[in-house]
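Biologist: Before we begin, please show me the sequence and the structure that we are to discuss.

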Amino acid sequence: ELNRSASASSTRSKNAPGNRTDVGWKHGIDINGNGKKVKCSYCSKTMSGGIFRFKHHLAGTREDSEPCCSVPEEIRDLMIKIVAEAKQASLKKRKLNIIDEDQGCEGLEERQHIFGSKGKEKVGSRGAVQATINQMMKKGYKEEVDAQVAEFFYTSAIPFNVIKNPAFTKMCEMIGKYGAGYKPPSYHDIREKLLKQAIDKTDLVLQEYKEEWKKTGCTIMSDGWTDKKRRSICNFLVNSPKGTVFMYSLDTSDISKTADKVFKMLDDVVELVGEENVVQVVTDNAANFKAAGELLMQKREHLYWTPCAAHCIDLSFEDFEKKLKVHELTIKKGRKITTYIYGRSMLISMLKKFTKERDLIRPGVTRFATAYLTLGCLHELKASLLTMFSSEEWKTSKFGTSQEGKKVENMILDNRFWKNISTCLKVAAPLMVVLRLVDSDAKPAMGFIYEEMDRAKEKIKNNFNHIKKSYEEVWKIIDARWDNQLHRPLHAAAYYLNPQFHYEPEFRSDDPEVKEGLYTSMRRLVKDAAERRIINVQLVEYHFGRGAFAMDDAKESRKTILPGEWWEMFGYRTPELKRRNHLHQKKMNDLLYVMYNLKLSNKQIRKTVALPFDDIQSDDEWITEEGDNIDEIDQVQDANVHLNPAITVPTLDAFDLENLTLMSMWMKMKMKMEMMMEMMMEMMEERISLEDWTWKFEFLII
């Protein structure tokens with residue numbers, strides 16, 4: 001009888017009333033004596049649902065329970081293991097029941113495979129228990145972790161697009177691998193020790209670029225800009241066929257802008273890179289840089305100073321606006337329309353409704369590019385604007401009944417205005433294609449700009465149906481900038497050595513300008529007369545397509561791969577010709593050195609950097625009203641009287657306006673990079689408030 005009683009007792013549930021053998025009862029109190037409600041001994045909270053849910057409370061799994069905030073770590077770990085093992089055993093039991101039902105006697109073998117012949121669970125199942133623990137813990141924490149990440153972004157005024165940075169994703173993965181207890185680096189570590197390590201790592205990555213400079217030569221580019229406090233900053237980058245790297249940044253606020261001082265600044269970076277490696281130094285076309293470039297070429301007889309192609313093209317846009325009446329007055333009208341709308345919040349809302357959230361303004365890095373980009377946008381949204389200014393909503397608004405509003409309405413509804421926009425875009429769009437080429441990283445521009453400028457002129461000629469008086473003045477403006485500023489012997493040499501053009505029937509092999517440019521460049525870059533004689537022999541091989549240049553692969557890939565890659569593949573028998581053909585500041589410098597080069601290596605910013613322009617006026621002129629004389633503009637005779645009446649306005653595609661959109665995107669990226677660098681300086685100097693940070697980052701996000 002005694003044995004029977006003991007046996008019955010042993011079969012009672014360990015959680016039945018009067019029987020408290022479950023380990024969880026060591027850490028809680030049974031409130032009602034029936035095991036339904038348990039009071040935690042650590043946080044004093046009462047949990048419903050019995051000891052099972054209470055153990056999840058101690059483990060912090062968030063499975064139908066709130067985690068205990070006071071439980072000792074060793075107790076929490078123990079409970080995590082207990083609930084995970086219980087869950088794993090439940091899953092196995094469910095699996096075995098399925099096996100028994102589906103396979104009958106055959107299920108016995110599967111059961112023994114899992115538990116062993118004596119019915120005990122195999123050791124290999126411990127990994128499954130650990131996986132169960134991880135899964136249980138992740139399930140509850142995901143939303144809380146996400147909320148904490150978001151809070152960090154909000155309180156630090158970090159732009160939302162940082163979440164897309166692959167480095168951020170990798171950082172989260174690394175923290176996850178480290179596990180609980182990770183402590184972030186200290187202020188000093190991230191400012192000093194880790195920055196030094198990042199510099200060393202970047203140095204190693206860039207070493208292979210520097211080795212490439214010795215083989216192919218390189219281009220030094222200066223990228224200057226001015227922040228809102230009127231401080232002048234000049235960044236120096238080096239470009240080669242392998243890519244672009246950032247060298248250093250120089251605060252030039254206290255440096256005199258005389259030619260001698262600028263020359264010293266350029267000469268220092270040439271010395272750092274190595275004169276023997278430099279083919280050309282590219283700067284903007286300001287008078288002091290031009291004079292400094294000439295001084296540099298006098299001292300460094302093996303390299304060229306070259307003005308920025310993007311700057312020179314932009315100056316052509318300025319000339320169009322100044323010298324062509326149609327352009328001047330059409331841009332004034334376009335500016336009046338945009339400033340009137342963007343100066344009134346209610347009109348902005350109305351505009352968004354009719355244009356489906358699209359804007360009229362396309363900001364560019366310069367005022368002159370912005371003007372034509374915005375005219376292109378007006379052209380694209382012509383139908384929406386006509387609908388808006390003909391709608392009842394406009395006519396019954398206080399703006400539609402005002403004198404100034406009616407003037408803007410008359411401009412919008414005037415067919416001559418839209419014809420004049422088309423006239424302006426016939427001129428600007430082909431040059432925008434060239435600007436896109438020189439300001440992008442799609443392909444090295446040097447070997448293409450010579451031909452592309454000619455193509456742009458021909459495109460303009462075609463846009464005006466070959467009527468000379470309609471495009472003659474435009475050609476004169478372009479030729480003046482090309483001949484006096486942009487055209488350099490290097491452009492002609494690069495054109496000659498570009499296989500995409502050289503073997504075409506229309507290639508200008510007998511053009512004196514091309515030949516003189518080629519040999520002038522050769523004499524400057526190659527001082528050794530014996531080496532020049534070897535190169536001349538190799539030029540003959542290249543020109544007539546002999547030797548390796550005659551191979552089928554070489555012929556077939558002339559237009560399919562970039563010129564530099566083509567020479568790398570098929571110029572192995574002409575090594576001399578191939579080699580010549582490849583054409584607190586410290587703390588901020590360290591940060592920019594790492595940041596710029598990481599982004600350049602990940603191709604997150606352009607390889608070709610747009611250079612600065614003198615006396616840049618703010619794009620606000622297309623948003624803020626300045627009082628253009630509308631009456632004077634409206635009295636202008638139709639600008640198309642000089643055109644053949646039979647000429648039809650080209651379609652949007654004929655203007656290649658998609659190129660204008662792409663240019664706008666690249667220019668926005670340039671502006672944002674400059675603003676990021678300005679904020680980096682302010683952060684290092686610790687002199688900016690959180691409110692200012694928030695405003696600036698919101699601007700970047702927009």
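The questions and answers below treat sheets, aromatic rings and charged side chains in turn.

Modeller: This is a predicted model, in which local features need pLDDT of at least 70 and side-chain atom pairs count only at pLDDT 80 or more, whereas totals for chains, interfaces and linings use all residues. Residues are numbered from 1 along each chain as its sequence is written, and side-chain values use heavy atoms, with hydrogens and water left out.

Biologist: Which strands stand at the edges of the open sheet of five strands?

Modeller: Strands are DSSP runs of E of at least two residues, helices are runs of H or I of at least four, and both are numbered from the N terminus; two strands pair if DSSP finds at least two bridges between them. The order is β6-β5-β4-β7-β8, with mixed pairing. Each edge strand has a single partner, so one side of it is left without a neighbour in the sheet; these strands are β6 (243–251) and β8 (304–307).

Biologist: Which residue of β5 stands opposite T219?

Modeller: Strand β4 (residues 218–226) and strand β5 (residues 232–240) are paired in the antiparallel sense, over eight bridges. Opposite T219, in β5, stands N239.

Biologist: What angle does the direction of helix α8 make with that of β6?

Modeller: Helix α8 (residues 259–273) packs on this sheet and touches β4, β5, β6 and β7 (278–283), contact meaning heavy atoms within 4.5 Å. Axes are lines fitted to C-alpha atoms, for helices over the stretch in contact, and angles run from 0 to 180 degrees between N-to-C directions. For α8 and β6 the angle is about 135 degrees.

Biologist: In the open sheet of three strands, what is the order?

Modeller: The edge strands are β1 (28–30) and β3 (46–48), each of which pairs on one side only. Strand β2 (residues 37–40) is joined to β3 by three bridges, and the two run antiparallel. The order is therefore β1-β2-β3.

Biologist: How are the rings of Y495 and F501 arranged: stacked, edge-to-face or tilted?

Modeller: Rings of Phe, Tyr and Trp (its six-membered ring) pair if their centres lie within 6.5 Å; planes under 30 degrees apart count as stacked, over 60 as edge-to-face and the rest as tilted. The structure holds 23 such aromatic pairs. In this one the centres are 5.8 Å apart and the planes stand at 35 degrees, so the pair is tilted.

Biologist: Are W566 and W567 buried or exposed?

Modeller: These two residues form an edge-to-face aromatic pair, with 5.6 Å from centre to centre and 85 degrees between the planes. They belong to one aromatic cluster, whose members include Y495, F501 and F570. Relative accessible area under 20% counts as buried, over 50% as exposed and in between as partly exposed (1.4 Å probe, protein chains only). Both W566 and W567 are buried.

Biologist: Leaving aside its neighbours within four places in sequence, with which residues is S557 in contact?

Modeller: S557 is found in the loop between α24 (552–556) and α25 (563–570). Its relative accessible area is 11%, so S557 is buried. Its contacts beyond those neighbours are W566 and F570.

Biologist: At what distance from the ring centre of W475 does the charged end of K457 sit?

Modeller: A charge sits over a ring if NZ of Lys or CZ of Arg is within 6 Å of the ring centre and within 35 degrees of the ring normal. K457 meets this description over W475, at a distance of 4.6 Å.

Biologist: How far apart in the chain are E404 and K336?

Modeller: A salt bridge is a side-chain nitrogen of Lys or Arg within 4 Å of a carboxyl oxygen of Asp or Glu, and E404 and K336 form one at 3.0 Å, N to O. The pair links helix α16 (residues 403–413), which holds E404, with helix α11 (residues 325–342), which holds K336; the separation is 68 residues.

Biologist: Is K214 buried or exposed?

Modeller: K214 forms a salt bridge with E211, with the closest N and O atoms 3.6 Å apart. The two residues are three apart in helix α7 (residues 187–216), which means that about one helical turn separates them. E211 is partly exposed at 36% relative accessibility. With 54% relative accessibility, K214 is exposed.
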